[in-house]
Amino acid sequence: MEILLAENAGFCFGVRRALEMAEQATRDHPRVFSLGPLIHNRQVVERLAAQGLVVCAGMGEVPSGALAMIRAHGAGPEVYEQAQARGITLLDATCPFVARVHQKAADFAERGYRVLVLGDPNHPEAQGIVAHTGGQAVIVESPEDLRALRLPSRVAVVCQTTQTLEALRALVDALLPQVSELVVANTICDATAKRQEESLRLARQVDLMIVIGGYHSANTRRLAEICAGTGTPTHHIEDAAELQDEWLRGVRTVGVTAGASTPGEAIAAVVRRLQEMAAAADEK
Ligand code: SF4
């Protein structure tokens, strides 16, 4: 059995940067408060917790005067305001690509456009983008959501960075007949787009796809959807222990990809386990 590993699987620039900032901060300070789990990976979160990174649900749980960290997903302006009011020092690990979406959305809102954010309404990144428009923007997951909206004549679209180009195209196609002025900022992150294209290519050439990453990771879930969409059997797993022998029955090539918050160790462990399973199947 051949195992093909996607070239860009694993940590993206923004996640790596946030992790390095957290590592450094926990070396310099006994306790650092992270506004939500830093990444969607249990092992990494546990390791950082042992080093003094305390995960909290929001600013309400951060003691006044403490050091708090904003994740790569970013946060709304209210977080910065609360920090200033309560003497909380912020370590801002907002990915520069996410910060760019904040700027674009705020700029469109200021220029009088109704801003639509293509994204997941439950995802903190999408919520943060809305907050940067003063709450004016609306999150839409698909063209179907447009039915519930009364759109003005001037509309602007930005995307949560993990969206697909296909989803953006579908939204733009649906909007064009409805509005007289449409501006679109393709804010899909390059790292995401690359990972998605590569996974799609890989899924089309293998018998089975394994997608590694946290079940709560939006970009990993998106990768699994894209791979499954090709018709190739696809399994989204968090770690090597979840691999099942029956998945490999009759399989000659396996593609492996991983979300942006999946550590290299987790990917290596899956590849190792697949090799062991393939060797055990050969011996039978
Ligand atoms: S996926 Fe892109 S936007 Fe998101 S953290 Fe990584 S580099 Fe930044």
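The legends below describe close-up views of one predicted model.

Residue numbers start from 1 in each chain and follow the sequence as it is written. Because the model is predicted, local features require a pLDDT of at least 70 and side-chain atom pairs count only at pLDDT 80 or more, whereas totals for chains, interfaces and linings use all residues.

**View 1. The shell of residues around the ligand.** Of the 14 residues around the ligand, those that come nearest are C12, G14, C95, F97 and C189; a residue is taken as near a molecule or strand if its C-beta atom, placed from the backbone, lies within 6 Å of it. Two or more residues of this shell are given by each of α1 (13–28), α4 (96–110) and α7 (190–205), and α1 provides the largest share, three residues. Helices (H or I, at least four residues) and strands (E, at least two) are DSSP runs, numbered from the N terminus. By class, the shell has 10 nonpolar, four polar and no charged residues, where Ala, Val, Leu, Ile, Met, Phe, Trp, Tyr, Cys and Pro count as nonpolar, Asp, Glu, Lys and Arg as charged, and the others, Gly among them, as polar.

**View 2. The division into domains and one contact between them.** Domain 1 (2–10 + 191–283), domain 2 (13–94) and domain 3 (97–188) make up the division of the protein, with bounds that come from an automatic or database domain assignment. The centres of domain 1 and domain 2, taken over C-alpha atoms, are separated by 30 Å. Nine residues from domain 1 and six residues from domain 2 take part in the contact, two residues being in contact if their C-beta atoms, placed from the backbone, lie within 7 Å. On the side of domain 1 that touches domain 2 there are three nonpolar, six polar and no charged residues.

**View 3. The open sheet β7-β6-β8-β9 and its helices.** Four strands with parallel pairing form this open sheet in the order β7-β6-β8-β9; two strands pair if DSSP finds at least two bridges between them. Strands β7 (138–140) and β9 (181–184) stand at the edges, each with a single partner strand, so one side of each is left without a neighbour in the sheet. Neighbouring strands are turned by 25 degrees against each other on average, direction ignored. Strand β6 (residues 114–118) pairs with β7 in the parallel sense over three bridges, and L118 has V140 in β7 as its bridge partner. Helix α5 (residues 124–131) packs on the sheet, where it touches β6, β7 and β8 (154–159), and its direction makes about 170 degrees with that of β6. Helix α6 (residues 165–175) also packs on the sheet, touching β6, β7, β8 and β9, with its direction at about 175 degrees to that of β8. Axes are lines fitted to C-alpha atoms, for helices over the stretch in contact, and angles run from 0 to 180 degrees between N-to-C directions.

**View 4. The open sheet β1-β12-β10-β11 and its helices.** The four strands of this open sheet have the order β1-β12-β10-β11, and their pairing is parallel. At the edges stand β1 (2–5) and β11 (234–237), each with a single partner strand, so one side of each is left without a neighbour in the sheet. From one strand to the next the twist averages 20 degrees. Strand β10 (residues 208–212) runs parallel to strand β12 (residues 253–258), to which five bridges join it, and I212 stands opposite A258 in β12. Helix α7 packs on the sheet, touching β1, β10, β11 and β12, and its direction makes about 165 degrees with that of β12. Helix α8 (residues 218–228) lies across β10, β11 and β12 and runs at about 170 degrees to β11.
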